[in-house]
Structure formats: C-alpha cells, structure tokens
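Student: I have a structure to go through, and I want to talk about its charged side chains. Can we work from the model?

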Amino acid sequence: LSDSPRDALEEKFAKAAREMERRNEGLPGGWTRGVEKPSGSPIAAMASAVFRPVQAVVSTVSSVLPGRRQHATSGPAPEPAPEEEEPAPEEEPPEREEPPPVEVRLAGWTRSLDSVASVSDAVAVEGMKSLCHEVMAAVGDGEMLSAMAPDSDRLVGLLADRVSPIFDAAVAAPGPSTTRACKYVLNTMMQVFQEPTLAASVGEENERATVAVLLERLLDPNVPKMEEGPQLVKALNVLMLKLLEHCPRTNSFRALLRLLADAPESVADEPAALVKFHDLVVKCLIKLTKSLGQNLDAVNLPTLLGDVHAFFHSLGVDEIRRRGQCDDKPLRMVKTILHEVCKLVGHDVWDALSLCPPRDSNPTPIVYAYVELNLQSMPDAPGEPRAAPSPKAPTPVKAAPTPK
C-alpha cells in the first residue's frame, strides 16, 4: 500500500481500538487469539468461546504452510516439533557382473569368424559386427586377447579378400546396406590392427594382401564419390597408420619391399596407376625408416637386408643403372633404407648380410657394393672398421698331363 491508504487504515484501526477500550470490550482481534476481554460483553464472550477451537486449528495449519506470513498484531506462530529424519539406507554398490568364461566368449568369437567366411555378404557383415563387439569387450583382458590372437592372421586374410568385392558393390549399387558393409569391413580391420596383441599375430603374407587392397582403394577415384566417401577415405588412411604402427616391423618392411618389386595386377598394367601406387608404398616405407633408430631392436636386420638384396636382384644391374639415371623413387627408397642401416650399425652391417648370397656368386650381389660405398662415406660409422668380405679365390684346377 502507498502511504495515504496505509495511514487511513491505521487511523481506522486505532479509532476502533479506542472505541472498544471505552466500551470495555478488549482489544481488536483478541478473541481470535484466546485473549479474554477484561469484563462484561456477552457477545464478545460468546464469540471467544465459539472461535477459540477454530483458531487452534488455523494456527496449526499456518505453522506448516511454507512462506506463511503472520499478521503484525498476531503473536509468533508456534514452531512445529522437528520430525526425526530416518537415516537413508546405505545403497549397496551394484554387484559387478562377472564376464562369461573365456571358453564361452571364444566360442562366440569362432562362430563370428566362420560367418565372415560365408559366401553371403549379409551374413559376413553380421559376423564382422559381432567380431567388433568381441574385440572391444576384450580390450584390457590379456587372457582373452591371447586366446583370440591365433585367429588374427586368418581373420585379416578373410577381410582382405572381401574389401574389393564389397567396395565394388557399393560403387555399382549405392545405398545404406552397401555403405554399411564398407564401414564394417574397415572397422573390423581397425579393431584388429589397433590392438597390439592381435596385430602382432598377423603374418607377412596377409599383411601384404591387406596393404595392397587398402592402397588400391585409396587410389580408386570412385571411393570419394560414394555415400560417406570422405569418411571412408579417412578410415583407410587411419587403418594404414595403425597397421604400420602395430604389425611386426620386419614383416611390414618385407611386405612393402615386395609390393615395390611386384605390384598388384590392378595397377601393374597401367603406368600412371603404377606410379601412384609406388608413391604410396614409398610413403609407408619412409614412415618405417624414420623410426628405424627407435625400433631397431624390433627389426631382424638379416631378414631386412635379405629383402633389400631381393629387390635389387629383381631389377638386375642394367635396370638399376637405367632407373638411377631417371631418379626412380622406389630404387632411391631402397637405397635410403640400406644407408640408414649402415648409419645405425656401422661396420657391423657385414655380419647382418648372412641371408644374402655370398659375394662370389654369379652375378655378384650389388648389395655388397652399396654397403661398401655407404661405409666409405661415413668416417665416424660405429663399429670396428674391417675389410669387406672378398670373393673366394677359385680353387686351382690341376693341369691334365700332356699326352705323349
């Protein structure tokens, strides 16, 4: 209320209070609070007697209503007796469900693996979906991963065989089902290659087949145009990185070197496609070679140098000379690998050539000449300098006796 109406009301209440006091009728509103008038008025007495029980109920209700404000002339409302709160029962932590035994889970893994080998793409995709769940559920469970590992090589081989048909079907008949198949075949591979325990069990032959089909898809101009094509291209690149990161390094070097020497038929007959394929393989080899110093112990040097020799031997001396004049990327990459090995192990590299043919072979393996040339350019190469193994001297043949 504004000041004028409030003053008028207060004056009216004060006048009523003086009038009641003059008539000896008590205070205004006193009968509602159980206050007896000083004397006399039968009407006031009757009102007090009738409304006293009602006032008690009103007071009780008012005390429990939240935000209830008392009139300025009324007394303080009695506070309700505090109710004792019963302590909330302690919630017991939910019991952690024990995973099924390894034998049971492994049976599901085996059934899904068999589904991937099915002739039907639909059945195979459902098997891939189950395998993804099985691997994700086994993350952190060393026992289960170790039980799965022996099947990793077979699984990767089955998936590699399905990549090209599934992607070709998606190009020929775009739609949610074919796109879903593309995503599941890549995702299942990803589950294997991003788990070191499983990736370490993949053999070189199936790793090489996988690298070949993945690089072919990256070179396929139809893939970016597919439904969710950019996401598929990104998945292909990430998958290649995981493969190179977690597969055995020696196998990865061997697979890539063999692909340099013998490209898949799909690109071998097209010079432009072959150049692009070699460029991708070289990029993968650059990644492995850059980290060779940190992962030297994980590489079998005799095997690696044997593969380097096999690459040189597949070309032949004349082809090596021809490619050297045109700055051939694959040849330069293999020479770089050999140079990096010589820089890391120095003169002990001679001991790592045990799987290469002896130097007196015919024709003489050119790898020896490249090793000697590298060491001559490295005066501070580690190891004790030693003479290069020389060809064995031919055994002298006894001259036949002169006929008489």
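Tutor: What follows is a short round of questions and answers on this predicted model.

Student: How many salt bridges does the structure hold?

Tutor: Side chains of opposite charge can pair when their charged atoms come close. Here the cut-off is a Lys or Arg side-chain nitrogen within 4 Å of an Asp or Glu carboxyl oxygen. The count for this structure is 18.

Student: Which helices hold arginine 162 and aspartate 121?

Tutor: The side chains of arginine 162 and aspartate 121 meet in a salt bridge, at 2.7 Å from N to O. The partners are 41 residues apart, so to speak of distant parts of the chain is fair: arginine 162 is in helix α6 and aspartate 121 in helix α4.

Student: Is arginine 162 buried or exposed?

Tutor: Buried means under 20% relative accessible area. Its partner, aspartate 121, has 35% and is partly exposed. Arginine 162 has 12%, so arginine 162 is buried.

Student: Lysine 183 forms a salt bridge with which residue?

Tutor: Lysine 183 lies in helix α7, and its partner sits in the loop between α9 and α10. The pair therefore ties together parts that are 45 residues apart in sequence. The closest N and O atoms are 3.4 Å apart, and the partner is glutamate 228.

Student: What is the relative accessible area of glutamate 228?

Tutor: Lysine 183 is partly exposed at 38%. Glutamate 228 also counts as partly exposed, and the value is 34%.

Student: Where is arginine 359, and is it buried or exposed?

Tutor: Arginine 359 forms a salt bridge with glutamate 372, with the closest N and O atoms 2.9 Å apart. Glutamate 372 is in helix α16, whereas arginine 359 is in the loop between α15 and α16. Glutamate 372 is partly exposed at 27%. Arginine 359 has 18%, under the 20% cut-off, so the word is buried.

Student: Which residues are joined into one network by salt bridges that share partners?

Tutor: This network is made of salt bridges with partners in common. The members are Glu319, Arg322, Arg323 and Asp328.

Student: Which residues gather in a patch of negative charge on the surface?

Tutor: Patch members need over 30% relative accessible area and no salt bridge. Glutamate 270, in the loop between α12 and α13, has 46% and is partly exposed. The patch is Asp262, Glu265, Asp269 and Glu270.

Student: How many disulfides does the structure hold?

Tutor: Cysteine 182 is buried, at 0% relative accessibility. Cysteine 326 is partly exposed, at 46%. A disulfide needs two cysteine sulfur atoms within 2.5 Å, and the count here is zero.

How values were computed: Residues are numbered from 1 along each chain as its sequence is written. This is a predicted model: local features need pLDDT of at least 70, side-chain atom pairs count only at pLDDT 80 or more; totals for chains, interfaces and linings use all residues. Side-chain values use heavy atoms; hydrogens and water are left out. Patches are made of residues with over 30% relative accessible area and no salt bridge: like charges are joined within 9 Å, nonpolar side chains (Val, Leu, Ile, Met, Phe, Trp, Tyr) within 5 Å. Accessible areas come from the Shrake-Rupley method with a 1.4 Å probe; for residues, only the protein chains shown count as cover. Lys and Arg count as positive and Asp and Glu as negative; His and the chain ends are not counted. The place of a charge is taken as NZ of Lys, CZ of Arg, CG of Asp or CD of Glu. Helices (H or I, at least four residues) and strands (E, at least two) are DSSP runs, numbered from the N terminus. Buried means under 20% relative accessible area, exposed over 50%, partly exposed in between (1.4 Å probe, protein chains only).
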